[in-house]
Every structure is written in structure tokens, then in C-alpha cells.
Amino acid sequence: MAEHKAAMVVHGGAGRRPVGDDGERQAAVRRGLDAGWSRIGEGALTAVVAAVCRLEDEPLLNAGIGACLNDEGAVELDAGVMEGTALGVGAVAAVRDVRHPVELARHVLEHSPHVLLAAGGASRYAREHGVELADPSIFVTEHRRAAAAAAAAGDAGDTVGAVARDRSGRLAVAVSTGGVTAKTAGRVGDSPIAGAGFYADDSAGAVCTTGTGEGFIRLCLAYDLVTRLRAGQPARDAAGDALAALRDRTDGWGGLIVVTATGEIVAEQNSGHMPWASASDD
């Protein structure tokens, strides 16, 4: 089998305003990239899960430790993964006690007949299959308590994601998030929904989104972007058109990262801020 160019891009979430620690957030994203790229030889899926697992441990990012609090003052976590060869998908939503939601999403992909598990059922599945659980209190940080106290309802951003192409030409994507500050308990955004927050197809490309999740869901934006790539639209143009549609059709904002079937990397945003980092065999 011919060897293909490997490529990987990681993001730390789109935001509407400076948060005062952009350098630290960028460094966190770089650590996620390093964790993923170090495992690209094990395949794209392993690489993106490793990257996002590392980012779930970064307190400044909105995934795992340091995730946003809902209107009950609790953390509810969403994650999703997809591989582009057989179009395998695994996702979890509104979990409160899973140490690394992205690892549970991968377990759903590889071992469950289902695509998406939620809330208590997802936690029970994790417990029954030996996926690491944790006391929900470990996810809550003073940074997020302050944001909740400021009633920054609907504040989005810092969702984390990774997209990769390995040297066999396989594509994969992983995403994890705490959602938005002061969201209604039980709210689920685009991140665990294939076609909205993430999508991968070896024949075209893979994409991960971040920003106003309801808009991404309404437009099925991740799938739409991959469809544009499949039709031959240049990746940067496709990304720009997708974000323009998000703004014009839903008054939404955000960002996205892409790796195409040929290993081209694109990162675009219309929110003002989105830390990201990439690596490739070039």
C-alpha cells in the first residue's frame, strides 16, 4: 500500500472576545497537537482521540476539566468521534461523571451497536465496560464558577477538536465540549451530532466545528462542508462559504478545522478568536 502524507490540525475553540490568556490557551492547544501527532503512526483515529483526551485535561479549555457550568451549576459533557473509512461514529452527550468523554465516544464507536448514548445511560455503559469514571466535582474550576456567577448565558467557545489523516490515507475527527455557560440542563449542542459538529469521509475530507452549536445543527454544517469538498470546491473556499452560511442563515458564528483527502489543512473562523495548531509530513 502506498504511503500517504499524514496531517493533523487541532483547535481550542472559537470565541467572540479576548479572554486575556490567549497565549496560555494556544500553548494548551499545542500540547494537544503534540499528544496526537506523537501517535499518528497508530492511525488517524488513535491520534485524534489522544489529542482531544489531552485537551480534556486543560483547565482553560471548555472540555473535561474546566468545562462550562449549566444553569444548575453542574458540568455536562458531550463528545464525538468519526472515522472516514467505514463512516463509523460514536458519541456521548450530557455525561457528568466520565473522566474522558472522548474515550467513551470511541468505545461506543468500536463496541456498541449504537451511535449516540446520553446522560445516565452513557454513564452506565461506561461503568459496565470499564471506561474511567470520576467524581463530577473534578471538572468544576473557579474560572467557570466566575463565568457562571457573571451570568454569561450562552457564552460559547473553547470547545476542543482534532482532525487527522494518517499515512494510510484514513481520516478521523474527534471533538469534546462542555457546551455553553448557563445552558439549560440537558441541552445538547452540535458537538456529539455527526454531520453537525463533525464529519469524516476518506474520499473527501474531515471537519470539526466550534461556536454556536444550534446554528451548526440547523445547517448540518459539517456534512455540508464535506459535501462541498466531494464536489471539488477548494477547501478554503468551502470553509469560508460554510461560515458565511452560518452567519447569514442562522446569525451564528464560530470556526472549523479541515483536513482534506489529500492532506491539505484549513482552519477558518468568523468569531474573532480560535487557537489552533497543525502538523504534517511536509
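A residue counts as buried when its relative accessible area is under 20%. With that in hand, the predicted model can be explored through two of its helices, one strand residue and two cores.

Helix 8 makes a good starting point. Its buried residues are Ala-235, Ala-238, Ala-239, Ala-242, Leu-243, Ala-244 and Leu-246. These residues pack against two other helices, helix 6 (213-219) and helix 7 (221-230), as well as against strand 9 (254-260) and strand 10 (265-269). Helix 8 itself covers residues 235-250, 16 residues in total, and its first and last C-alpha atoms lie 22 Å apart, close to the 22 Å expected at 1.5 Å a residue. Just after helix 8 comes Asp-251, which has a positive phi, near 55 degrees.

Helix 2, made up of the 12 residues 44-55, reaches 17 Å between its end C-alpha atoms, close to an expected 16 Å. How many residues of helix 2 are buried? The count is 11 of its 12 residues, so this helix is mostly covered. The buried set includes Ala-44, Val-48, Cys-53 and Leu-55. Around these buried residues, the packing partners are helix 1 (22-37) and helix 3 (101-111), together with strand 1 (7-11), strand 2 (77-83), strand 5 (160-165) and strand 6 (171-177).

Strand 6 brings the story to Val-173, which has its place there. Is Val-173 buried or exposed? Its relative accessible area is 0%, so Val-173 is buried. Leaving out residues up to four places away in sequence, Val-173 touches Val-48, one of the buried residues of helix 2. Val-173 also touches Gly-80, Val-81, Met-82, Ala-162, Val-163, Phe-198, Tyr-199, Ala-200, Val-207 and Cys-208. Gly-161 sits 12 residues from Val-173 along the chain, and the C-alpha atoms of the pair are 7.4 Å apart.

A wider view takes in the nonpolar cores. The largest of them holds 47 residues, and Met-8, Val-10, Val-48, Val-81, Val-102 and Leu-104 have the most contacts inside it. Helix 2 supplies the largest share of this core, with nine residues. A separate core has 37 residues, including Cys-208, Leu-246, Trp-253 and Ile-257. Leu-246 links back to the opening, as one of the buried residues of helix 8, and Cys-208 is among the residues that Val-173 touches. As for Leu-104, its contacts beyond four places in sequence are Val-92, Val-98, Ala-122, Tyr-125, Ala-126 and Val-131.

Definitions and conventions. Residues are numbered from 1 along each chain as its sequence is written. This is a predicted model: local features need pLDDT of at least 70, side-chain atom pairs count only at pLDDT 80 or more; totals for chains, interfaces and linings use all residues. Side-chain values use heavy atoms; hydrogens and water are left out. Helices (H or I, at least four residues) and strands (E, at least two) are DSSP runs, numbered from the N terminus. The expected span of a helix is 1.5 Å times one less than its number of residues. Buried means under 20% relative accessible area, exposed over 50%, partly exposed in between (1.4 Å probe, protein chains only). Contact means heavy atoms within 4.5 Å. A nonpolar core is a set of buried Ala, Val, Leu, Ile, Met, Phe, Trp, Tyr and Cys residues joined through side-chain atoms within 4.5 Å.
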